[in-house]
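Visitor: I am new to this structure and would like to be walked through a few of its features, step by step.

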Amino acid sequence: MYSENWTQVTEFVLIGFPRSRTLQLILFLGLLVTYIVTILGNLLIIVLSWSDHRLQTQMYFFLRNLSFLELGWVSVVVPKMMVIILTRDYSVSFAGCILQSYLYFLLGTTDFFLLAVMSLDRYLAICRPLHYETLMDHPICVRLVMVSWIAGFLWVLSPTILMANLPFCGPNVIDHFFCDSWPLMKLSCGDTQLLEFVAFILSTAALLGSLALTSVSYICIFATVFRAPTAKEKRKAFSTCASHLTVVVIAYGSSIFLYIRTSETQSLFVKKGASSLACIITPLLNPFIFSLRNDKVKQALCDALRWHRSIGTRSL
């Protein structure tokens, strides 16, 4: 418990960066390249799925929203990291730290809900093809995306409010590269049992609940695919969900390892690595996973490049 004579911390100091200036600059260049590629890759998915008539389907509507969400998720963390490295100012205001933590978990939670919706979409497309257009028309798709965002917003609101009202009397040093919730809770000089309980229940429900829907959907998909009469039909069915399944494994694997396991023996280095995988590497890989394994996206990209090349040739 904290005493009555205490002063509220007004800022936090992030020390989860290399101490060597050379390593910091190498990290900055790596982050800059990663961020640019992530932004361009996800923007490319958004533009292609919006403009190409072959990609005007439910699956690409969800993919477009996932790419938009990934843009926000990586932008919550990476730009601030680069600013810190350049300016060597490791301080973050109390309000800024709470806001970053809230946005990180808002976008992360929404990401899981949207992945679950995408798995439901694949289930209906493969297992209920005759009713697919009725069960998953455009208004329903829009409502499912809106529900994912609203659920993500409300899901992390109460833990954030509890966090913001905790007393922080010092120290104010966070051994991380952004304002994650678990190091913030350790810095509080008040009772964090309620927050830890609420955060654990909500994170477990969000992760395992959406994972359960995804798992059931894919069990049904695999059962349907294995009953397909020809190998060609099996390959075609698997190809429509292989990219999504790859992203699911990466996203859920890293996040369940981070936020469901609460053992004190878990390495801080491993936690940082899992955080990096969730909010930096996954948004970087998603455009490649969904485009390189998708013939329609590759064809749309080739057509777009040919169109721009022909416009450039005519202008000359």
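The questions and answers below concern a predicted model.

Visitor: How many salt bridges does the structure hold?
Guide: Side chains of opposite charge can pair when their charged atoms come close. In this predicted model, one such pairing joins Asp52 and Arg54, and another joins Arg122 and Asp121. The number of salt bridges in the structure is two.

Visitor: In the salt bridge of Asp52 with Arg54, how far apart are the closest N and O atoms?
Guide: Asp52 is buried, because its relative accessible area is 11% and buried means under 20%. Arg54, with a relative accessibility of 27%, counts as partly exposed. Between these two residues, the closest N and O atoms are separated by 2.8 Å.

Visitor: Is Arg122, which meets Asp121 in a salt bridge, buried or exposed?
Guide: The side chains of Arg122 and Asp121 meet with an N to O distance of 2.9 Å. Asp121 has a relative accessible area of 1% and is buried. For Arg122 the relative accessibility is 8%, and because buried means under 20%, Arg122 likewise counts as buried.

Visitor: Which backbone oxygen does the side chain of Thr109 reach?
Guide: Thr109 is found in helix 3, which covers residues 94-127, and with a relative accessible area of 10% this residue is buried. From there its side chain reaches, at 2.7 Å, the backbone oxygen of Phe105.

Visitor: How far apart in space are Asp180 and Phe105, C-alpha to C-alpha?
Guide: Asp180 lies in the loop between strand 3 (173-174) and helix 7 (181-187), where it counts as buried at 0% relative accessibility. Its side chain is joined to that of Trp182 by a polar contact of 2.8 Å. Although Asp180 and Phe105 are 75 residues apart in sequence, their C-alpha to C-alpha distance in space is 8.9 Å.

Visitor: Which helix gives the largest share of the positive patch?
Guide: On the surface, Lys232, Arg235, Lys236 and Lys296 gather in a patch of positive charge. Lys232, one of these residues, has a relative accessible area of 64%, and because exposed means over 50%, Lys232 is exposed. Lys232 is also found in helix 9. With three residues of the patch, the largest share comes from the helix spanning residues 231-259, helix 9.

Definitions and conventions. Residues are numbered from 1 along each chain as its sequence is written. This is a predicted model: local features need pLDDT of at least 70, side-chain atom pairs count only at pLDDT 80 or more; totals for chains, interfaces and linings use all residues. Side-chain values use heavy atoms; hydrogens and water are left out. Patches are made of residues with over 30% relative accessible area and no salt bridge: like charges are joined within 9 Å, nonpolar side chains (Val, Leu, Ile, Met, Phe, Trp, Tyr) within 5 Å. Accessible areas come from the Shrake-Rupley method with a 1.4 Å probe; for residues, only the protein chains shown count as cover. A salt bridge is a side-chain nitrogen of Lys or Arg within 4 Å of a carboxyl oxygen of Asp or Glu. Lys and Arg count as positive and Asp and Glu as negative; His and the chain ends are not counted. The place of a charge is taken as NZ of Lys, CZ of Arg, CG of Asp or CD of Glu. Helices (H or I, at least four residues) and strands (E, at least two) are DSSP runs, numbered from the N terminus. Buried means under 20% relative accessible area, exposed over 50%, partly exposed in between (1.4 Å probe, protein chains only). A polar contact is a pair of N or O atoms within 3.5 Å; within protein, one must be able to donate a hydrogen and the other to accept it, and residues adjacent in sequence count only if both atoms are side-chain atoms.
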